[in-house]
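Visitor: Could you take me on a close look at the largest pocket? I would like to know what lines it and how the lining is made up.

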Amino acid sequence: MRTVEITGGSGPAGALVPSERPDPAAGPGQIRIRVRAAGINRPDILQRLGRYPAPPGASDILGLEVAGEVDQVGAGVARWTVGDRVCALLGGGGYAEYAVVDARHALPVPADMDFLQAAALPETVCTVFANVFEAGALKPGETLLVHGATSGIGVTAIQMAKAAGARAIATSRGADKAGAARRLGADLSLDASADDMEAAIAAFGGADVVLDMVGADYAALNQAALRPFGRWVVIATQSGALAQIDLARLMMKRIVLTGSTLRARPADEKARLIAAVEATAWPCVISGAVRPPVEAAWPLEQASAAHLRLEAGGHVGKLVLTV
């Protein structure tokens, strides 16, 4: 099968080169997907740089989400049959012509959705659901504050919050991105490079849940923005992992600070999460209420160009590889 390798095991975007490997085979409880599109995520960059190794048992090939057709079904799998259109959450292996995955980690692709859009969903929807709705316990009528709001996770969080009857405050860098977040449904969209975010969020009434992909630089803002009993959920630390926390403020406001990762969760936990997503969030995907934009796509062989685009920033929504 065609795939992409990291020359030397780690390096810059130019280290990504087309390659070939033997076709994988579906084992018991697994399905093999003929990949038509693969989502690109920031953890892919971290793995390429040698800072985010694949968990034990996962493929060392990049790629955490794919969409395509089932073309092989392992023993003991009853739900899926050859030809089914699916998207799936992977521990690795998405940048390839075929991907093998635990059958419980796949979701059906809606009939009106193409594979480009479907490949943009599993990692983002599962991440938002696990962190905003499970860990963050966002409820109808509450307010979500999401940083990095025009990223793949950010745009999905805005749409899922609105679909659940919550309000959304978005922060992003630059007037164009702030406008894009507003058009995607944010009730308040702030330019982090120009606006007084703390004052604007306070005037809006504050937030009940913060989805934080920035880390250290926004720690003070998050503590100020959260209402009493607020939930602060950290899923990335792009500005640094060491933050200053005012413990007295956390106590006075009864703020809950938590965080998580998705990739290294055990298979059974991922299966539980996928089932919860399908029951609770997937109807919004099927209805069209949650359809994060795909800004651009590249052929698999041009993965290096796609990584350069993600690293440069400025995009709105997801970037995808086609296979």
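Guide: Happy to. A pocket here is an open set of grid points with protein on both sides within 12 Å along at least five of seven lines, and a residue counts as lining if it has an atom within 4 Å of a point. Please keep in mind that this is a predicted model.

The largest pocket has a volume of about 1,200 Å³. Its lining is made of 45 residues, and those nearest the centre are Arg 42, Ser 151, Met 213, Ala 236 and Gln 238. Two or more lining residues come from each of helix H1 (42-48), H3, helix H4 (152-163), strand S9 (167-172), helix H11 (303-312) and strand S15 (318-322). Among these contributors, H3 gives the most, with four residues. By residue class, the lining of the largest pocket divides into 20 polar, 16 nonpolar and nine charged.

Helix H3 is worth following a little further. The largest nonpolar core has 44 residues, and Leu 144, Val 146, Ile 158, Val 277 and Trp 282 are those with the most contacts inside it. Helix H3 (residues 122-135) provides the largest share of this core, six residues. Ile 158, for its part, touches residues including Val 146, Ala 168, Ala 181 and Leu 184, leaving aside those up to four places away in sequence.

For a companion view, the second largest pocket holds about 510 Å³ of space. It is lined by 28 residues, with Gly 57, Ala 58, Ser 59, Gly 92 and Val 100 nearest its centre. There, strand S6 gives the most to the lining, with five residues.

Terms used
Residues are numbered from 1 along each chain as its sequence is written. This is a predicted model: local features need pLDDT of at least 70, side-chain atom pairs count only at pLDDT 80 or more; totals for chains, interfaces and linings use all residues. Side-chain values use heavy atoms; hydrogens and water are left out. A nonpolar core is a set of buried Ala, Val, Leu, Ile, Met, Phe, Trp, Tyr and Cys residues joined through side-chain atoms within 4.5 Å. Buried means under 20% relative accessible area, exposed over 50%, partly exposed in between (1.4 Å probe, protein chains only). Contact means heavy atoms within 4.5 Å. On a 1 Å grid over the protein atoms alone, a cavity is a set of points where a 1.4 Å probe fits but cannot get out, and a pocket is an open set with protein on both sides within 12 Å along at least five of seven lines; lining residues have an atom within 4 Å of a point. Grid points are joined across faces, edges and corners, and a volume is the space filled by probe spheres set on the points. Ala, Val, Leu, Ile, Met, Phe, Trp, Tyr, Cys and Pro count as nonpolar, Asp, Glu, Lys and Arg as charged, and the others, Gly among them, as polar.
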